[in-house]
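Student: Could you take me on a close look at one part of this protein? I would like one strand and its surroundings, explained step by step.

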Amino acid sequence: MEMSRDRFEELVGEALDEVPEELLGLMSNVVILVEDDPPPGENLLGLYEGHALTTRGWDYAGVLPDRILIYRNPILAICDTDDDVVDEVAVTVVHEIAHHFGIDDERLHALGWG
């Protein structure tokens, strides 16, 4: 599947628009970025890097923002149609946001967001 970076970034923005405002309002010190590929040797669609909200204590201060990375090429590689990309981007965005809230992969898979 091929898709321009601009269109892919639009889809990430649209996926974020579908996240309930109440949840987005609770997100703190986090940026969402699109990268073409994960680090070499990694087989990822997205990645959360940082300190989940559930692990932040009284001493959490002065740190760089957490990062949610959405990887364009791996998502495009597993999709056959534009609709597949829309669906996979939405699942990946929700999955990585869930990590920001401290939800682990096992629980996400059980909830159908794996």
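Tutor: Happy to! Let us begin with a term we will need: a residue is called buried when its relative accessible area is under 20%. Keep in mind, too, that this is a predicted model.

Our part is strand β3, which covers residues 66-71. Aspartate 66 belongs to this strand. Its relative accessible area is 2%, and because that is under 20%, aspartate 66 counts as buried. What surrounds aspartate 66? Setting aside neighbours within four places in sequence, its contacts include Asn29, Val30 and Val31, as well as Tyr48, Glu49, Gly50 and His100. One of these deserves a second look: the side chains of aspartate 66 and tyrosine 48 are joined by a polar contact of 2.3 Å.

Now move along to leucine 69, which also sits in strand β3. Leucine 69 has a relative accessibility of 2%, so this residue is buried as well. Beyond its neighbours within four places in sequence, leucine 69 is in contact with Leu33, Glu35, Leu45, Gly46, Leu47 and Glu49. Aspartate 36 is 33 residues away from leucine 69 along the chain, yet their C-alpha atoms are separated by 9.6 Å.

Next, let us place the strand in its sheet. The sheet is open and has three strands in the order β1-β3-β2, with mixed pairing. The edges are taken by β1 (30-35) and β2 (46-49); each has a single partner strand, so one side of each is left without a neighbour in the sheet. From one strand to the next, the twist averages 15°.

What does "mixed" look like here? On one side, β3 pairs with β1 in the parallel sense, over six bridges. On the other, β3 pairs with β2 in the antiparallel sense, over four bridges. Isoleucine 68 of β3 is a good residue to find on your screen: it is the bridge partner of isoleucine 32, and tyrosine 48 stands opposite isoleucine 68 too.

Finally, look at what lies over the sheet. Helix α1 (residues 5-18) lies across β1 and β3, running at about 150° to β1. As for β2, its covered face holds Gly46 and Tyr48, while Leu47 and Glu49 are on the uncovered one. That brings us back to our starting point, for Tyr48 is the residue whose side chain makes the polar contact with aspartate 66.

Notes
Residues numbered from 1 in each chain as written. Predicted model: local features only at pLDDT ≥ 70, side-chain atom pairs only at ≥ 80, totals over all residues. Heavy atoms only, no water. Helix = DSSP H or I, 4+ residues; strand = E, 2+ residues; numbered from the N terminus. Buried < 20%, exposed > 50% of the residue type's maximum accessible area, 1.4 Å probe, protein only. Polar contact = N/O pair within 3.5 Å; in protein donor to acceptor, adjacent residues only side chain to side chain. Contact = heavy atoms within 4.5 Å. Pairing = 2+ DSSP bridges. Axes fitted to C-alpha atoms, helices over the stretch in contact; angles between N-to-C directions.
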